[in-house]
Amino acid sequence: MVGGVFRWGLGAVLLASVAPFAFALSPPRPALEEIRHTSVPDYTRVIITLSAQADYNHFQVAADRAHDRPDRIVIDFSPTRLAPNLREPIPVHDGLLKRIRTGQFSPTTARVVLDLEQIESYTAFPLYSPYRLIIDVKGKSKETEVDQPSEQAEAPQPYRIMIDPGHGGRDPGAIGVGGLKEKTVVLAISKRLGKKLESRLPVKVLYTREKDVFVPLEERTAQANAMKADLFISIHANASENPHLQGVETYHLNNTDDRATIRLANFENGLQHLRQPPQVGSELSEIVSDMIHNDKLEGSVILAHVLQSSMMTQVTRRHTRARNLGVKKGPFYVLVGAEMPCVLAEVSFLTHRVQGQLLRSSAYREAIAEGLFQGIARFIKEELPRMESL
Ligand SMILES: [Zn+2]
């Protein structure tokens with residue numbers, strides 16, 4: 001990211017010194033192409049997508065009453081041009097943001113302004129392929145709840161479990177032996193898990209997808225935050241170039257130096273086609289340390305251990321040699337910014353001769369779903385009440 005300005009700047013100097021017609025060969029600046037947002041009363045996620053990577057800088061500006069300007073968050077991208085379709089302000093009015101404005105601040109800098117109503121805090125972090133900046137804006141949730149007397153009269157809400165079947169639609173995920181697609185297997189396991197949860201526990205089950213559709217990673221987390229999920233379980237099936245590799249592993253969000261995990265995270269983050277995937281780990285450190293600070297990481301680590309152990313118990317009934325690859329940490333986009341304990345389960349290897357075959361069978365899918373169910377049930381019974389009392 002830091003290299004962006006230097007690279008383009010140098011290119012411009014070189015081209016200018018060659019010949020006038022070289023201007024036409026100058027690579028286009030990244031374009032600010034799309035702005036989307038997900039809103040609930042005390043949480044808004046804004047997603048700004050660019051055609052290529054650019055430097056960004058963000059800061060908060062206090063209201064200027066004299067010029068009738070509200071508090072605002074300003075984000076500058078450089079070198080970046082604003083796509084023509086983004087010149088109109090986007091009205092939001094969700095209690096946190098009034099509107100989102102854009103402008104070509106200078107010939108090289110595109111600016112996005114979030115006009116604020118009232119917020120508590122915000123965080124910003126980039127994701128790649130396509131390059132996008134995510135801005136999570138949080139409100140003063142407790143105050144709004146007090147204002148609504150109906151909330152106090154209601155019985156305690158059942159726990160909400162957000163199940164996230166990996167990939168979908170144009171993203172098949174890993175392809176296993178005999179052409180079995182990860183997106184198909186994990187959706188089937190997710191639905192089995194959801195049915196078990198709803199029939200055997202007093203919980204509400206939510207899905208990031210229930211069909212074969214593409215859902216961007218940052219929207220999955222946004223859904224979990226917006227729906228106030230108590231747990232977020234992302235379900236994947238593993239793949240390796242080594243056909244002998246098999247087993248079950250569960251990840252929680254953290255940075256890592258482990259090369260195999262970085263390779264896996266690049267794949268799950270949709271970066272596998274890039275020749276030089278970005279160092280996702282370094283970008284996440286601020287978010288991760290924020291999560292540690294909020295005791296959210298601890299819940300995720302415990303959840304990962306509980307799920308890993310219960311999956312192993314069930315999976316080894318169908319595949320006695322299944323290896324316990326353990327609980328690991330990894331920089332998975334789909335877990336970044338989640339407000340609840342969240343894990344990513346790699347339930348078995350599609351690329352292994354035995355596990356790849358077993359993943360086709362309903363008995364094996366059932367075993368994995370039962371393992372996940374047992375783990376979630378235990379976590380809800382033993383860990384969530386303890387965490388809430390902290
Ligand atoms: Zn996956």
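A residue is taken as buried here if 20 or more other C-beta atoms lie within 10 Å of its own. By that criterion, 40% of the 390 residues of the chain count as buried in this predicted model. The secondary structure comprises ten helices and 16 strands. Of the contacts between residues at least 6 apart in sequence, 72% join residues at least 24 apart.

A good place to begin a tour of the fold is an open sheet of five strands, arranged in the order S3-S4-S8-S7-S6 with antiparallel pairing. Its edges are occupied by strand S3 (55-61) and strand S6 (90-91); each has a single partner strand, so one side of each is left without a neighbour in the sheet. Within this sheet, strand S7 (residues 97-104) and strand S8 (residues 110-116) run antiparallel and are joined by seven bridges. In this pairing, Gln 104 stands opposite Ala 110 in S8.

Attention turns next to helix H5 (residues 217-226), where eight of the ten residues are buried, so the helix is largely enclosed by the rest of the structure. The buried positions are Leu 217, Glu 218, Arg 220, Thr 221, Ala 222, Gln 223, Ala 224 and Asn 225. What do the buried residues of H5 pack against? Their partners are strand S1 (31-40), strand S2 (43-50), strand S9 (121-127), strand S10 (132-138), strand S11 (159-165) and strand S13 (231-238). Just after H5, the backbone at Lys 228 takes a positive phi of about 55 degrees.

Key: Residues are numbered from 1 along each chain as its sequence is written. This is a predicted model: local features need pLDDT of at least 70, side-chain atom pairs count only at pLDDT 80 or more; totals for chains, interfaces and linings use all residues. Helices (H or I, at least four residues) and strands (E, at least two) are DSSP runs, numbered from the N terminus. A residue is buried if 20 or more other C-beta atoms lie within 10 Å of its own, exposed if 12 or fewer, and partly exposed in between; C-beta atoms are placed from the backbone. Two residues are in contact if their C-beta atoms, placed from the backbone, lie within 7 Å. Two strands pair if DSSP finds at least two bridges between them.
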